[in-house]
Amino acid sequence: MTSIPPYAFLVEKFKKEEEKMSEATNGMKELPIDCDNQDVTAYDVLQINSDQQAKNYFESNGVKELHDAFMLANILHTNKKTQQAAVIYGLAFRMHPKRHDHYPLAQSLLQVRLLCMLKAGIKPPQREIGILRSLNIPYANYIEGIEAAWDGGNGREALRHIGNAYEEFHTGEEIDSLYLEIVLKSAPDLLTGVDEFHNAQKIPNKIFMYWDENPPEEIVRNFEYHRKIPGIEFKAFNKNEAAEWLYSNYGVEARSVFLGARHPAEAADFLRVHVTQIYGGWWLDADIRIRDENALNFIKNQNAQNVFLLTYNGVVHNDFYGTIQNSSVGADCLLSLYRNCYLHHGLFIAYKTGPGVFNRALNRKAWRSLSGKKALDTVQIYNHEIFDKVIDQFDTPYKSILPSWHSV
């Protein structure tokens with residue numbers, strides 16, 4: 001049984017009353033996105049000036065090229081000025097030469113414009129969806145499916161309409177969170193696995209961590225903390241051990257990718273999926289700890305073969321999760337890891353090796369199940385509030401005393 005996030009669809013996070021623009025626009029209106037006029041209009045400037053960060057950028061840089069319009073739209077989007085962001089994404093679309101080698105692609109600009117409209121409670125124009133469909137069919141299906149789900153439609157049918165449109169995007173982009181959210185709200189059974197496999201195999205009582213080299217005293221204490229937990233097998237890898245372990249279990253390519261990671265966090269991301277796929281168990285980042293005995297019981301009492309927790313905005317935590325050996329989710333994570341490492345070396349770490357590969361794996365599992373190809377192993381997903389009850393993080397004060405096994 002999946003635990004549904006305590007919020008409804010992400011669109012409801014945006015305060016729509018703050019999105020409403022002033023009616024006093026002196027008759028100004030937005031230019032059609034497919035017109036030939038690439039000028040920054042007074043209406044465009046009005047949207048930009050609604051946000052101080054965007055206004056500062058505009059005053060310093062202007063809109064000399066497509067990149068400037070794209071940056072301004074991203075600022076507005078990030079700052080939850082989604083109605084205004086939609087207008088500036090439209091400006092960027094007008095400025096785009098519509099070539100397939102000019103990034104960001106025209107369809108990407110139009111897709112995010114229409115998504116911003118949905119977030120602002122605005123129904124996307126059918127004419128613009130038609131333009132998007134002429135550029136990229138899966139993108140149009142994505143927008144139509146999100147619109148249907150957020151408008152109270154049948155979530156399962158919305159998923160069918162979206163299909164596997166997430167494959168058009170890098171792992172970890174917003175579509176992965178939105179798609180998974182619809183799954184959890186409308187069709188959580190897509191992640192439940194096959195009945196005969198339920199409770200057949202439990203996540204082993206093992207905990208794994210990683211620190212590349214010379215761990216600070218706080219990390220060393222955290223290793224000792226978990227090593228003392230009764231009934232738990234604990235292993236902390238360092239860089240040299242991890243490299244040799246990967247070579248021994250996965251070969252020279254795995255070791256090479258690991259050693260070629262741009263950052264220790266990327267190396268840890270790469271290692272964790274390989275380790276839990278071989279042994280099963282729980283992965284914890286080195287800067288977090290199991291809070292107390294109740295949290296330990298939470299870990300020991302899980303019956304699903306894959307256990308994940310979500311952040312408040314629907315992203316899978318990869319700093320704390322548990323799986324069995326040879327997990328179907330873990331296998332798909334490995335596929336994305338190698339694809340990203342070979343084809344998208346410079347991708348943002350969270351998308352390339354981090355939570356993004358887990359969100360994508362769960363979406364693929366749900367889509368296969370919806371298509372009649374259900375995997376054996378079960379998935380349990382908890383909301384972000386559970387993470388806060390189970391895990392302490394070093395950048396916040398510990399909220400509980402040490403459990404009894406550390407009192408001696």
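**Figure 1. The largest nonpolar core of this predicted model.** Let's begin inside the protein, where the largest nonpolar core brings together 90 residues. Those with the most contacts inside this core are Y142, I146, Y210, F258 and L271. F258 makes a good place to look around. Beyond its neighbours within four places in sequence, F258 is in contact with Y210, K239, A242, A243, L246, A267, F270 and L271. Two of these partners, Y210 and L271, also appear in the list of residues with the most contacts inside the core. A second core, separate from this one, has 29 residues, and I229, A286, I290 and A295 are among them.

**Figure 2. The whole chain, for orientation.** Before moving to the smaller views, here is the setting. The protein chain holds 19 helices and 8 strands. Of its 408 residues, 54% are buried. Among contacts between residues at least 6 apart in sequence, 73% join residues at least 24 apart.

**Figure 3. The second largest pocket and its lining.** This pocket encloses about 280 Å³ of space. Its lining is made by 14 residues, and Y210, W211, A265, A268 and D285 are the closest to the pocket centre. You have already met Y210 as one of the residues with the most contacts inside the largest nonpolar core. Which elements give two or more residues to the lining? They are helix α14 (264–279) and strand β3 (281–284). The largest share comes from α14, with 5 residues. By type, the lining divides into 9 nonpolar residues, 5 charged ones and no polar ones.

**Figure 4. A stacked aromatic pair, Y139 and F169.** The whole structure contains 19 aromatic pairs. In the one shown here, the rings of Y139 and F169 are stacked, 4.8 Å centre to centre, with 25° between their planes. Y139 belongs to helix α8 (residues 137–150), while F169 sits in the loop between α9 (155–162) and α10 (174–186), so the pair ties together parts that are 30 residues apart in sequence. Are these two residues buried or exposed? Both Y139 and F169 are buried.

**Figure 5. A tilted aromatic pair, F223 and F234.** Here the ring centres of F223 and F234 are 6.1 Å apart and the planes meet at 50°, which makes the pair tilted. F223 is part of helix α11 (residues 217–227) and F234 is part of strand β2 (residues 233–237), so this pair links parts that are 11 residues apart in sequence. F223 has a relative accessible area of 10%, so this residue counts as buried. F234, at 13%, is buried too.

**Figure 6. An aromatic cluster.** For a view with several rings at once, look for F208, F237, W245, Y250 and Y279, which form one aromatic cluster.

**Figure 7. The surroundings of H161.** Our last stop is H161, which has its place in helix α9. How accessible is H161? Its relative accessibility is 36%, so H161 counts as partly exposed. Leaving aside neighbours within four places in sequence, H161 is in contact with R133, N141, E144 and G145. Take N141 as an example: H161 and N141 are 20 residues apart in sequence, and their C-alpha atoms are 6.0 Å apart in space.

Conventions. Residues numbered from 1 in each chain as written. Predicted model: local features only at pLDDT ≥ 70, side-chain atom pairs only at ≥ 80, totals over all residues. Heavy atoms only, no water. Core = buried A, V, L, I, M, F, W, Y, C linked by side-chain atoms within 4.5 Å. Buried < 20%, exposed > 50% of the residue type's maximum accessible area, 1.4 Å probe, protein only. Contact = heavy atoms within 4.5 Å. 1 Å grid on protein atoms, 1.4 Å probe; cavity = no way out; pocket = protein on both sides within 12 Å on 5 of 7 lines; lining within 4 Å. Points joined across faces, edges and corners; volume = space filled by probe spheres on them. Helix = DSSP H or I, 4+ residues; strand = E, 2+ residues; numbered from the N terminus. Nonpolar A, V, L, I, M, F, W, Y, C, P; charged D, E, K, R; others polar. Phe/Tyr/Trp six-rings, centres within 6.5 Å; stacked < 30°, edge-to-face > 60°.
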